[in-house]
Amino acid sequence: MKLNCDLGEAFGAWAMPVDEAIMSYIDQANIACGFHAGDPAVMKRAIALAKQAGVSVGAHPAYPDLQGFGRRSMAIAPDDIKAMIQYQVGALCGIALSQGCSVDYVKPHGALYNDLMKDDALRLAVMEAVAEIGQGKMALMIQATPQRDEIAVQAQRLALPLLFEAFADRRYTDDGYLTSRDKPGAVLSAQEAEEQVDLLISTGMVKTESGDLLPLAADTLCVHGDSPGAVEMAARFSLVLRNV
């Protein structure tokens, strides 16, 4: 299982200082593309850091929601969703190309990520956007849920590679989605995250908000760069995953 982190989320005078510190512990860097965070200079620096550390670069596109950090749902037509994703991914690809790097995958951010897991039309639009711009060479990273096989069939029709993701620092609902950040306890403490990762690695399951055990088959594990103690969590999880 790989370890990934959402990075490049500074912009203008707003600093997110973990990018450099966390890069040596992760395998995949999900770099913001400007719609929820990030700007051209931040994107360029994040790619440079990833290249230096030998970390795979992924695009992290979002709804156009700087004020809400991309965590507010928006009603946007499928064709517009496709264009917005390709615009953001294309921008990151251009900056990566100038530094001799490639963008290997796309991980939607925030509300867009959560919405596409439950909305078939939105998920298809996102899949088509990545399949068209990636031409079979760019994967889509989405949440590992009990519907993994059904989603994999949808992607196969588009010749779209998938990376299924589990979360270290987020609580799960009983049906396998992420507990809304509006609810208390949705974001796990460092200790809770460690317990969740230990359980996932040892049993292939996570404990849901009601205490049930939910099986998850994941290719990659996310630590959010804006979570308290993100660097320390990434250091520990990196060591654990590399010893599995």
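How many bridges join strand β6 (residues 162–167) to β9? The count is 3, and the two strands run parallel. The points below concern a predicted model and proceed from the barrel to the charged residues.

1. Barrel. The model contains a barrel closed by 7 strands with parallel pairing, in the order β1-β2-β3-β4-β5-β6-β9. Strands of a sheet pair through backbone hydrogen bonds, in either a parallel or an antiparallel sense. Within this barrel, strand β3 (residues 56–60) pairs with strand β4 (residues 105–106) in the parallel sense over 2 bridges. Alanine 59 has valine 106 of β4 opposite.

2. Pairing of β9. Strand β1 (residues 2–7) is joined to β9 by 5 bridges, and these strands run parallel. Asparagine 4 stands opposite cysteine 222 of β9. For β6, also parallel to β9, the residue to inspect is alanine 166, whose bridge partner in β9 is leucine 221.

3. Burial of β9. Strand β9 (residues 220–224) is largely enclosed by the rest of the structure, because 5 of its 5 residues are buried. In a regular strand, side chains alternate between the two faces of the sheet. Both faces of β9 are covered: Thr220, Cys222 and His224 are buried on one side, as are Leu221 and Val223 on the other.

4. Isoleucine 22. This residue belongs to helix α1 (residues 18–22). Isoleucine 22 counts as buried because its relative accessibility is 0%. Its C-alpha atom is separated by 8.4 Å from that of cysteine 5, although the two residues are 17 residues apart along the chain.

5. Salt bridges at lysine 82. The structure holds 12 salt bridges. In one of them, glutamate 128 meets lysine 82, with the closest N and O atoms 3.4 Å apart. This pair links distant parts of the chain, since glutamate 128 lies in helix α5 (residues 120–134) and lysine 82 in helix α3 (residues 78–98), 46 residues apart. Lysine 82 also forms a salt bridge with glutamate 132, where the closest N and O atoms are 2.9 Å apart. Glutamate 132 is in helix α5 and lysine 82 in helix α3, so this pair ties together parts that are 50 residues apart in sequence.

6. Accessibility of these partners. Lysine 82 counts as buried because its relative accessibility is 15%, under the 20% cut-off. Glutamate 128, at 24% relative accessibility, is partly exposed, and glutamate 132 is partly exposed at 40%.

7. Arginine 236 and aspartate 198. The closest N and O atoms of this salt bridge are 3.2 Å apart. The pair links distant parts of the chain: arginine 236 is in helix α8 (residues 230–242) and aspartate 198 in helix α7 (residues 190–203), 38 residues apart. Arginine 236 is partly exposed, with a relative accessible area of 28%; aspartate 198 is likewise partly exposed, with 32%. Elsewhere, salt bridges with shared partners join Asp6, Lys107 and Glu165 into one network.

8. Negative patch. Asp174, Asp175, Glu209 and Asp212 form a negative surface patch. Aspartate 212 is placed in the loop between β7 (205–207) and β8 (213–215). Aspartate 212 counts as partly exposed because its relative accessibility is 46%, which is over the 30% required of patch residues.

Definitions and conventions. Residues numbered from 1 in each chain as written. Predicted model: local features only at pLDDT ≥ 70, side-chain atom pairs only at ≥ 80, totals over all residues. Heavy atoms only, no water. Patch = residues over 30% accessible without salt bridge, like charges linked within 9 Å, V, L, I, M, F, W, Y side chains within 5 Å. Areas by Shrake-Rupley, 256 points an atom, 1.4 Å probe, with all protein chains shown as cover. Salt bridge = Lys/Arg side-chain N within 4 Å of Asp/Glu carboxyl O. Lys, Arg positive; Asp, Glu negative; His and termini not counted. Charge placed at Lys NZ, Arg CZ, Asp CG, Glu CD. Helix = DSSP H or I, 4+ residues; strand = E, 2+ residues; numbered from the N terminus. Buried < 20%, exposed > 50% of the residue type's maximum accessible area, 1.4 Å probe, protein only. Pairing = 2+ DSSP bridges.
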